[in-house]
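Colleague: I am new to this structure and would like to learn how to read its features one at a time. Could we open it and go through it together?

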Amino acid sequence: MSRLRVGIHGAAGRMGRRLIALGSADPLLHVVAALESAGHPLLGHDAGTVAGVGVIGLPLSVEMDETPDVVIDFSVPAAAEGLVSTCVERGIPVVVATTGFRPDQEQRLRDAAEKIPLLSSPSMSLTVNLAMRLSQVAGQALARHESGTDVEIIERHHRFKEDAPS
C-alpha cells in the first residue's frame, strides 16, 4: 500500500508542528512538504526538529519541491489564499483549517472548490463543530418560543491563538 503524500502549510505553527509530528509517526502518511511564509525565522530548519520529534530530513520551505497528494493548511487567511491558488494551478486537493476569512476570501475558496477537492471548516475541533450544530438546533427551537430568549455563546481559546476569537 502506498503512503499518502501530505504537505503541511503553516508547518511551524502550533497545529502545523502537531501535524508534522503525527504525520511523521504514521506509517500510512509521508510528509513531503513543510511550508512556511517567506522570511520565517525557521526556514531551512528540519520540520521534525521544529515539531519536537527529531530530524525527519524535511526542511521548512516556502515552495513545494514535491507534489503532495493533499495539502493541509493551518496558517493565516492571506497565506491560505495564496496556497489555494497554487493548489488550483497544480490540481492538488487541499484542507483549509485557517479561520478569520473575510466574505470575499470565503467566496474565492468556494470558487476554488469548483476546480479542486477542497474542504474548509471554521474549526477542525469536534467540540466546536458539535457546539455549532447544537447552537443551530437551539436557535431554531428558541425562535418559536413566545417569551423571547437571550442567549450568550462565549468562544475561548488558548492565549497563543492569533485570530481569537475565530
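Modeller: This is a predicted model, and its protein chain has five helices and six strands. Read along the sequence, these elements follow the pattern β-α-β-α-β-β-α-β-α-β-α.

Colleague: In what order do the strands stand in the open sheet, and with what pairing?

Modeller: In general, the strands of a sheet pair through backbone hydrogen bonds, and the pairing is either parallel or antiparallel. Here six strands form an open sheet in the order S3-S2-S1-S4-S5-S6, with parallel pairing. Strand S3 (60–61) and strand S6 (118–120) stand at the edges and have a single partner strand each, so one side of each is left without a neighbour in the sheet.

Colleague: How many bridges join strand S1 to S2, and how many join S1 to S4?

Modeller: Strand S1 (residues 4–9) is joined to S2 by six bridges, and S1 is joined to S4 by four bridges, with the strands running parallel in the S1 and S2 pair and also in the S1 and S4 pair. His9 is a useful residue to follow, since His9 stands opposite Leu35 in S2 and has Asp73 as its bridge partner in S4. From Asp73 the path can be continued, as the bridge partner of Asp73 in S5 is Val96. Strand S4 (residues 70–73) and strand S5 (residues 94–96) pair in the parallel sense over three bridges, and Ile72 has Val95 as its bridge partner in S5.

Colleague: Is strand S2 largely enclosed or left open by the rest of the structure?

Modeller: To judge this, one looks at relative accessible area, where buried means under 20%. In strand S2 (residues 29–35), five of the seven residues are buried, so this strand is largely enclosed by the rest of the structure. For the protein chain, 30% of the 166 residues count as buried.

Colleague: Which residues of helix H3 are buried, and which exposed residues does the face turned away from them carry?

Modeller: For a helix, one can ask how its buried residues are arranged around the axis. In H3 the buried residues are Pro77, Ala80, Leu83, Val84 and Cys87. These residues cover an arc of only 120° around the axis, which puts them on the same side of H3. The face of H3 turned away from that buried side carries the exposed residues Ala78 and Glu89. As for its length, H3 has 14 residues and reaches 20 Å from its first C-alpha to its last, close to the 20 Å expected at 1.5 Å a residue.

Colleague: What separates the C-alpha atoms of Ala112 and Val84?

Modeller: Ala112 lies in helix H4 (residues 103–112), and Ala112 is buried, with a relative accessible area of 6%. The C-alpha atoms of Ala112 and Val84 are separated by 7.2 Å, although these two residues are 28 residues apart along the chain.

Colleague: Which residues line the second largest pocket, and which helix gives the most to its lining?

Modeller: The second largest pocket has a volume of about 200 Å³, and its lining consists of His9, Leu35, Glu36, Val62, Glu63, Met64, Ala79, Gly82, Leu83, Thr86 and Arg90. Helix H3 (residues 77–90) gives the most to this lining, with five residues. By type, the lining residues divide into five nonpolar, three polar and three charged. The bridge partners His9 and Leu35 are among the residues of this lining, and so is Leu83, one of the buried residues of H3.

How values were computed. Residues numbered from 1 in each chain as written. Predicted model: local features only at pLDDT ≥ 70, side-chain atom pairs only at ≥ 80, totals over all residues. Heavy atoms only, no water. 1 Å grid on protein atoms, 1.4 Å probe; cavity = no way out; pocket = protein on both sides within 12 Å on 5 of 7 lines; lining within 4 Å. Points joined across faces, edges and corners; volume = space filled by probe spheres on them. Helix = DSSP H or I, 4+ residues; strand = E, 2+ residues; numbered from the N terminus. Nonpolar A, V, L, I, M, F, W, Y, C, P; charged D, E, K, R; others polar. Pairing = 2+ DSSP bridges. Expected span 1.5 Å × (residues − 1). Buried < 20%, exposed > 50% of the residue type's maximum accessible area, 1.4 Å probe, protein only. Arc of directions from axis to C-beta.
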